[in-house]
Amino acid sequence: MADEYRSFVGDTHPGADETLFEAIVRNPVVQTLVLMVVVSLATWASALAGFGRNLFVLTAPVVAHPWTLVTSVYAHVGPGHLLGNAVVLVVAGGLVAMSTSSLRFHLYFVVTGATAGVVQVLALSLFGLPIGVLGASGAVFALVGYVLTSNILSKVIFDRLSVPWWAVVLALVGIALVLTMQYSAPGSALVAHFTGATLGLVAGRYRLLHV
């Protein structure tokens with residue numbers, strides 16, 4: 001009977017025998033950090049060699065180089081840019097990863113990052129300012145936004161206090177603006193940051209990543 005009980009308990013905890021190294025490797029935040037470093041190094045190397053813009057930089061028209069929708073999210077201009085996004089990823093991403101799966105985390109990171117980049121490029125293109133965008137800023141802002149509205153306190157405020165939908169919308173937009181203006185470096189992609197923060201706040205409101 002004791003052996004049967006131990007067997008049953010072991011089956012219900014498939015990660016019980018997982019080593020610390022295996023747990024770290026399987027962590028989506030660590031996997032994302034590795035991707036950011038590898039792609040960024042490739043970006044810098046290609047820039048030194050005089051090519052690579054069409055491989056990593058998201059520009060208009062987006063359909064011309066569709067793969068940059070993904071590569072631009074992980075590529076960074078320089079070490080400082082990479083380090084700044086990595087720090088936020090570790091903090092906010094670590095919290096989000098605790099309540100979601102690796103697949104959902106990676107999809108969320110890519111989709112929010114790519115969407116933020118596209119909005120930035122298209123918005124500036126409307127004013128005749130063709131630019132290139134790269135970096136995980138939109139995605140990490142989306143992670144921060146998700147943390148802010150997916151917690152228990154936010155749920156109590158929005159749900160149990162019966163806050164009107166229009167007030168919720170105004171609050172989310174206001175928070176996104178504050179995050180954008182407070183934590184965006186001079187000359188950074190403000191539209192992308194605002195878009196990422198807004199996507200994250202909405203996703204967190206509905207707890208889209210929770211499993």
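# A tour from the pockets inward

Start with the lining of the largest pocket: its residues split into 13 nonpolar and 12 polar, with no charged ones. You're looking at a predicted model, by the way. To land in the right spot, select Gln 120, Val 133, Leu 134, Ser 188 and Ala 189, which lie nearest the pocket's centre among its 25 lining residues. The volume here is about 300 Å³. Now colour by helix: α5, α7, α8 and α11 each supply at least two lining residues, and α7 has the largest share, with 5.

Next stop, the second largest pocket, at about 260 Å³. Pick Asn 85, Val 88, Val 140, Phe 141 and Tyr 183; of the 14 residues that line this pocket, those lie nearest its centre. Helices α6, α8 and α10 each give two or more residues to this lining. By class, the lining has 7 nonpolar and 7 polar residues, and again no charged ones.

**Zoom out**

Switch to cartoon for a moment. The protein has 11 helices and 0 strands, and its C-alpha trace spans about 75 × 50 × 30 Å along the principal axes. Colour by burial and 37% of the 211 residues count as buried. If you draw contacts between residues at least 6 apart in sequence, 78% of them join residues at least 24 apart.

**Into the core**

Which residues touch the most other members of the largest nonpolar core? Select Met 36, Tyr 74, Leu 89, Phe 105, Tyr 108, Phe 109 and Leu 143, out of 34 residues in that core. Two or more core residues come from each of α3 (28-48), α5 (68-74), α6 (79-97), α7, α8, α10 and α11. Helix α8 gives the most, 6 residues.

Centre on Leu 143 and show its surroundings. Setting aside neighbours within four places in sequence, Leu 143 is in contact with Leu 89, Ala 92, Gly 93, Val 96, Phe 105, Tyr 108 and Phe 109. Apart from the largest core lies another, of 5 residues, including Leu 58, Val 62, Val 118 and Val 133. You've already clicked on Val 133: that residue is also one of those nearest the centre of the largest pocket.

**A cis bond in a loop**

Now go to the loop between α4 (53-56) and α5, where you'll find Pro 61. Look at the bond joining Ala 60 to Pro 61: it is cis, with omega about -5 degrees. Most peptide bonds are trans, for comparison.

**Along α11 and off its end**

Select residues 190-205. This is α11, with 16 residues, and it reaches 22 Å from first C-alpha to last, close to the 22 Å expected at 1.5 Å a residue. Which of its residues are buried? Highlight Ala 192, His 193, Thr 195, Gly 196, Ala 197, Gly 200, Leu 201, Ala 203 and Gly 204. Show the neighbouring helices too: the buried residues of α11 pack against α7 (102-126), α8 (137-150) and α10 (165-183).

Finish in the segment after α11, at Arg 207. Phi here is near 50 degrees, a positive value in a residue other than glycine. Most residues other than glycine have a negative phi. Is Arg 207 buried or partly exposed? Turn on the surface: Arg 207 is partly exposed, with a relative accessible area of 29%.

Definitions and conventions. Residues numbered from 1 in each chain as written. Predicted model: local features only at pLDDT ≥ 70, side-chain atom pairs only at ≥ 80, totals over all residues. Heavy atoms only, no water. Helix = DSSP H or I, 4+ residues; strand = E, 2+ residues; numbered from the N terminus. Expected span 1.5 Å × (residues − 1). Buried < 20%, exposed > 50% of the residue type's maximum accessible area, 1.4 Å probe, protein only. Contact = heavy atoms within 4.5 Å. Core = buried A, V, L, I, M, F, W, Y, C linked by side-chain atoms within 4.5 Å. 1 Å grid on protein atoms, 1.4 Å probe; cavity = no way out; pocket = protein on both sides within 12 Å on 5 of 7 lines; lining within 4 Å. Points joined across faces, edges and corners; volume = space filled by probe spheres on them. Nonpolar A, V, L, I, M, F, W, Y, C, P; charged D, E, K, R; others polar.
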